[in-house]
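Visitor: I am new to reading protein models. Could you take me through this one, and show how each label is earned?

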Amino acid sequence: MEKKGGFIEWLDRRLAITAVWRIMMSEYYLPKNINFLWSFGVLTMLVFAILVVSGIFLLMYYKPDAKLAFDSVNKTIMMDVAFGWVFRHTHAVAASIMFLVLYIHIARGMYYGSYKAPREVVWITGFLLFVLMSATAFTGYLLPWGQMSYWAAQTITTLFEKIPFIGPDLVIWIRGNYIVADATLTRFFALHVVFLPLLLIVVTAIHLYAVRIVGSNNEDGIPMTKEEKKVKGIPFWPVFMAKEYFVMSVFLLFFFYLVFFNYDFAMDPINFQPANILQTPPHIYPEWYFLAYYEVLRGFFFSQNLGLIAFVASMFIILFMPWLDKSPIVSGKHRPLYKIAFWVFILDFLFLTILGKLPPTGLFAWLGFVGSIVFFLFFAALPIISKIEKSQVERAGR
Ligand code: HEM
């Protein structure tokens, strides 16, 4: 970049590319006190790139038609096309791993207080990415037109029926039919391959730009001063990226091990049966990454309406963390009370994920209820913990 040739210089005068490069890459300084968890943002981008590339290959043979979709995936791509199965396994495993990487990325932000001022816009755009990614996974799941694809779409779209006044009409509008049918498949296809990925790219760009403007957080939650940045910071390019390449390589080893030797965790066996609108599978449940939210939906087993409200709230509540938690201490590393609440929340999320796969009857139904309450208690505790810490800091300052 330093050496300006004729073309680069010409372009630079028009687009200021070297200035942009400096702000985004070579003069963006990261603090030294960050750990490998700060690589998960870049890993998320890597998995997204894998999804796009493998998805383009799948698109070459996939048929978005209720009569042809199942065979185009399970026969044409999996059996007839050379290496078609590699692309399908890669896409399915990447979709699953995307949520693992995303959850670690979010948990890192929660633990180290990266949602707090001045990083609210980073958090809000991150939350939008999570919603968009969930919608992408949900619409993509219908495309193979298997039994679980069909009934998951039928169950989730039915939830919209409960919205007062407009609910029943809205469900028909979303499906394009009274039941999930060919019209649903074609619109989910359009959303999955064009609309949602485009939005994801735009919002990711804003997310990254926002990180660059406010700077990365660190384990202690104490920002570097302008002077410290050049002395103590590590330039993103090429120093920090060199470390990221190492992390990416290790990740790819693990990823392709899953693609070639353990891909079945990302595919539901029931989905190898074609969709049958006359036969509901004995248990309908989502992929592992939505099980915790699904369990919150079922947790309020005594009231369907309450369950639905809790389900929507459970997905949206992390958006409000910057305003629920007003503690002057940023990083969880220096917040004993918050640390306890955080780990209880993580264990509860895992507990809800396990329960989501079990039948919602007897003791399991009650455990689901308790788990859902604990989920919300974490967020309810944030203002209280903040208040306690605020007075502790004030007392220490006096
Ligand atoms: C497609 C999804 C996403 C992509 C590609 C992505 C990408 C990135 C990248 C590359 C970074 C900078 C490197 C790093 O600090 O890890 C970052 C930082 C960050 N992201 Fe995301 N992200 C995504 C989703 C999310 C979500 C769902 C949230 C939270 C709800 C989130 C919250 C944050 C925060 C708070 C930071 C700043 C971290 C810090 O400075 O400590 N991101 N993201």
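Guide: Start with Pro238, which lies in helix H11. This is a predicted model. A cis peptide bond joins Trp237 to Pro238.

Visitor: What is omega for the cis bond of Trp237 and Pro238?

Guide: Omega is about 0° there. A second cis bond runs from Ala117 to Pro118, with omega near 5°. Pro118 sits in the loop between H5 and H6.

Visitor: Why is Phe83 called exposed?

Guide: Count the C-beta atoms. Phe83 has 9 others within 10 Å. A residue is exposed at 12 or fewer. The value for Phe83 is 9, so Phe83 is exposed. Its place is the loop between H4 and H5. Phe83 also has a positive phi of about 60°, although it is not a glycine.

Visitor: And Trp145, is it buried or exposed?

Guide: Trp145 has 26 C-beta neighbours inside 10 Å. Buried begins at 20 or more. Therefore Trp145 counts as buried. Trp145 is in the loop between H6 and H7. Its phi is positive too, near 55°, and Trp145 is a residue other than glycine.

Visitor: How do you know that Leu51 is buried?

Guide: By the same kind of count. Leu51 has 22 other C-beta atoms within 10 Å. The cut-off is 20 or more, so Leu51 is buried. Leu51 lies in helix H3.

Visitor: Which residues does Leu51 contact, leaving aside neighbours within four places in sequence?

Guide: Leu51 is in contact with His91, Ala94, Ala95 and Met98. With the same neighbours left aside, Met98 is in contact with Val47, Leu51 and Met133. Now look at Leu51 and Asp71, 20 residues apart along the chain. Their C-alpha atoms are separated by 21 Å.

Visitor: What makes H3 and H5 roughly antiparallel?

Guide: Take the angle. The axes of H3 and H5 cross at roughly 160°. Angles over 145 degrees count as roughly antiparallel. That is why H3 is called roughly antiparallel to H5. Their axes come within 9 Å. H3 passes H5 in a left-handed crossing. By class, this contact has 15 nonpolar, 7 polar and 2 charged residues.

Visitor: Why are H6 and H9 called roughly antiparallel?

Guide: Their axes cross at roughly 160°. The cut-off is over 145 degrees. So H6 and H9 are roughly antiparallel to each other. The axes of H6 and H9 come within 8 Å. The crossing of H6 and H9 is left-handed. The contact of H6 with H9 has 20 nonpolar, 9 polar and no charged residues.

Visitor: Why do you give both an angle and a distance?

Guide: Because two packed helices are described by the angle between their axes and the distance between the axes.

Visitor: Which residues touch the most other members of the largest nonpolar core?

Guide: Val47, Ala94 and Met98 do, in a core of 51 residues. Several helices give two or more residues to this core, including H3, H5, H6 and H9. The largest share, 11 residues, comes from H5. Apart from this core lies another, of 17 residues. Among them are Leu291, Tyr293, Tyr294 and Leu297.

Visitor: What makes Leu51 and Phe83 differ in label?

Guide: Set the counts against the cut-offs. Leu51 has 22 and is buried, whereas Phe83 has 9 and is exposed.

Key:
Residues numbered from 1 in each chain as written. Predicted model: local features only at pLDDT ≥ 70, side-chain atom pairs only at ≥ 80, totals over all residues. Core = buried A, V, L, I, M, F, W, Y, C linked by C-beta atoms within 7 Å. Helix = DSSP H or I, 4+ residues; strand = E, 2+ residues; numbered from the N terminus. Contact = placed C-beta atoms within 7 Å. Axes fitted to C-alpha atoms, helices over the stretch in contact; angles between N-to-C directions. Parallel < 35°, antiparallel > 145°, perpendicular 65-115°, else oblique. Left-handed = near helix turned anticlockwise from the far one by under 90°. Nonpolar A, V, L, I, M, F, W, Y, C, P; charged D, E, K, R; others polar.
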